[in-house]
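The following exercises practise reading helices and sheets in a structure. Each task is followed by a solution that goes step by step.

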Amino acid sequence: MRHSGEPYLTHPIEVAKILTILKLDSPSIAAGLLHDTAEDSKISIEEISKEFGPTVAQLVDGVTNIGKIVFKTKEERQAENFRKMILSMSKDIRVILIKLADRLHNMRTLQHHTPEKQQWIAQETLDIYATLANRLGIGWIKAELEDLCLRYLRPDVYFDLGDRVEKKKDEREKYINEVIEIVKRSLAEHGFKADVQGRSKHFYSIYQKMQKQGIPFDEVYDLAGIRIIADSKFNCYGILGVIHSLWSPVPGKFKDYIGVPKSNLYQSLHTTVICLRGERVEFQIRTEEMNKIAEEGIAAHWKYKEKGQIDERDRMVFDWLRQLVEWQQDTKDSMEFLDFFKVDMFADVVYVFTPKGDIRELPKGSTPIDFAYSIHSDIGNQCVGSKINGKIVPLRYQLRSGDAVAIMTDPKHMPHRDWLKIVKTQRAKSRIKQWIKVEERRRSFEIGKNIFERELKRHNLNQNELQRHPKLAEALKQFNVPNIDELIVAIGYGKVSAHQAVNIFSPEKVVQEKEVSKKRPKSAKVGVKIKGIDDILVQFSKCCNPVPGDRIIGFITRGRGLSIHTKDCPNMDQLDYNRDRMIDVEWDVTEKQAHPVEISVLTLDKPGLLANVSSAITTSDANISHAEATTREDKKAVLDFVVDINDLEHLKKVIEKIQQVEGVLNARRVRRG
């Protein structure tokens, strides 16, 4: 039985019905009927294969694996499972079409779940499945999923919009019918044959418009629009001319998706005009085939071949899927892969041209560097400049639709770390980080080799001897490295002391380790515990000044030991390019130690406030090591303090005490990027 009390059989039957609406093939509909059997009964995939054939069994198996995925934001397990979903989808796109039908029916019956589960499932659907439906071009599923998600995520908005739209329904229909009659007469006069129909915006698109433009419902003028289905591509442009001769077009509101189709093969002309009585109306002009693809997407033109393979006609719509598959092969980090999917795959896009006239789709805000990496990693790495429409532009230039982009390269050029601040695509970010990581490793190897060889020489050893040394395996195991080269790299990074390494190979020739370690601060003495490492220099970064209670991470720096940062430090983006140098650390609660924290206080510019704020700090059992006051032109003052703090609770107490001082407008902790 389902949560609604109905027999469970109703669910697979409804899923199969949706698949028939999509006009999918027999194996897909059979798999839709059977999609829960492997997971919710004792029937195995092997039995399904025996009874219904290997194709149906493979589809059921693919949908079953996706069903096991649990989408919890920013969790490694979810990201890894998502990677598996993309792989199964790339083998046979029918898997995700069946899953979309499954999810659509589940959303239609979501009212039978608890409010908490409703919210969780709706958010997952909006983040993943609605956007996948959009990428596959299945407009009606995307719209229905988005509206159902809005119903459970923002029920107040959903039902309010429903009431408001219903109140205006008769008025809008009368207005649209009036416009349609004028259009039909004008098209007939010019000899065009076309179907003219009104269409309503779905609730979620109205909500999005209100959010993006910051406007109330009453200022959303295009609640309904008009769609014109022409008999040829050529006549689409002729009909556009007729519409523009009847009413003035709104500048910037014309889009030609026929000449430049979207990546999901969507084609249509969009124009918004100032129509009767000054109201704005959006027109969509397309052919019957274009309309079918706009509504049904990949299901409208999919040619099922052996094992659901993609034919050449459908190649363009799957470029994004090919990119995803390539990307998951290139990156070992599942979280980074999921970010790429969410950021690059479903962002607002711009369409730009290569020098050969090919169209490239990139997320809005992309730069010439992003474009270069989208072509090839080497072109991105060697990018020194770009020409947009024949003119040289800075590399931070943000591409616009219609730009013709040419990249200038130099084989001797190398990526710059500052590029990470301006690129938009995850592909570019990953390639830059990858290059920096390789370069950092190369430099660390050179540094480590010099240090190691110098230490070996002091004790009459050489590296060649170590390859046959009886204690080699012991040394590699102790420092958790696979070979001598990686040991040298670890020495260059500062993870391993050359002295410690040589001590294993020749302890009798080295000064006793105890004497050296006495001169080094142990991790416990600075208030943190370091997993797997002892006897390493530890310092707290001045950019974020961590205090006990902060979530922290250690970053190994060459020659300076371990630097402790908060996990939300403003500099983490720059440190993230090489995760190999990050190490887990935790606070040692047995050690009590004060930590410097910068506090900035905004006050009215009145005499005595510096003294009053200072008194509030000291009465909170905190010592002030530095204080500075600056007067602004707006009759306000900024008081900057460096205060010794014990932990987060102590910091909270100090800030609360400061905010109680009369004349204080705001007090906050400062983190420097």
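**Exercise 1. Describe how helix α19 meets helix α23.**

Solution. Begin with the geometry: helix α19 (residues 426-458) and helix α23 (residues 498-505) have axes that come within 9 Å and cross at roughly 45°. Here axes are lines fitted to C-alpha atoms, for helices over the stretch in contact, and angles run from 0 to 180 degrees between N-to-C directions. Next, classify the angle: α19 is therefore oblique to α23, given that angles under 35 degrees count as roughly parallel, over 145 as roughly antiparallel, 65 to 115 as roughly perpendicular and the rest as oblique. The contact, meaning heavy atoms within 4.5 Å, is made by Ile451, Phe452, Glu455 and Leu456 of α19 together with Ala498, His499, Ala501, Val502 and Phe505 of α23. Finally, α19 passes α23 in a right-handed crossing; a crossing is left-handed if the near helix is turned anticlockwise from the far one by less than a right angle, and right-handed if clockwise.

Before going further, note that this is a predicted model, in which local features need pLDDT of at least 70 and side-chain atom pairs count only at pLDDT 80 or more, while totals for chains, interfaces and linings use all residues. Residues are numbered from 1 along each chain as its sequence is written, and side-chain values use heavy atoms, with hydrogens and water left out. Helices (H or I, at least four residues) and strands (E, at least two) are DSSP runs, numbered from the N terminus.

**Exercise 2. Find the helix that crosses α19 at roughly 80°, and name the residues in contact.**

Solution. The helix is α17, whose axis comes within 9 Å of that of α19 at this crossing angle of roughly 80°. By the angle classes, α17 is therefore roughly perpendicular to α19. On the α17 side the contact is made by Asp370, Tyr373 and Ser374, and on the α19 side by Arg427, Ala428, Arg431 and Ile432.

**Exercise 3. Work out the sheet on which α17 lies.**

Solution. Helix α17 (residues 368-375) lies across β9, β10 and β11, and runs at about 80° to β11. These three strands form an open sheet in the order β10-β9-β11, with antiparallel pairing, where two strands pair if DSSP finds at least two bridges between them. Because β10 (391-393) and β11 (405-409) stand at the edges with a single partner strand each, one side of each is left without a neighbour in the sheet. Neighbouring strands here are turned by 35° against each other on average, direction ignored. Looking closer at one pairing, five bridges join β9 (residues 383-388) to β11, and Ser386 has Ile407 in β11 as its bridge partner.

**Exercise 4. Which strands stand at the edges of the four-stranded sheet, and which helices pack on the sheet?**

Solution. The four strands form an open, antiparallel sheet in the order β19-β20-β18-β21. Its edge strands are β19 (623-631) and β21 (664-669), each of which pairs on one side only, and the twist averages 20° from one strand to the next. Ten bridges join β18 (residues 595-604) to β20 (residues 636-645), with His595 standing opposite Ile645 in β20. Helix α26 (residues 609-618) lies across β18, β19, β20 and β21, at about 25° to β20. Helix α27 (residues 648-659) packs on the sheet as well, touching β18, β20 and β21, and its direction makes about 165° with that of β21.

**Exercise 5. Decide how α26 and α27 are arranged against each other.**

Solution. The two helices pack at an angle of about 150°, with their axes 9 Å apart, and α26 is therefore roughly antiparallel to α27. Val613, Ala616 and Ile617 in α26 meet Val654, Lys657 and Ile658 in α27, and α26 passes α27 in a right-handed crossing.
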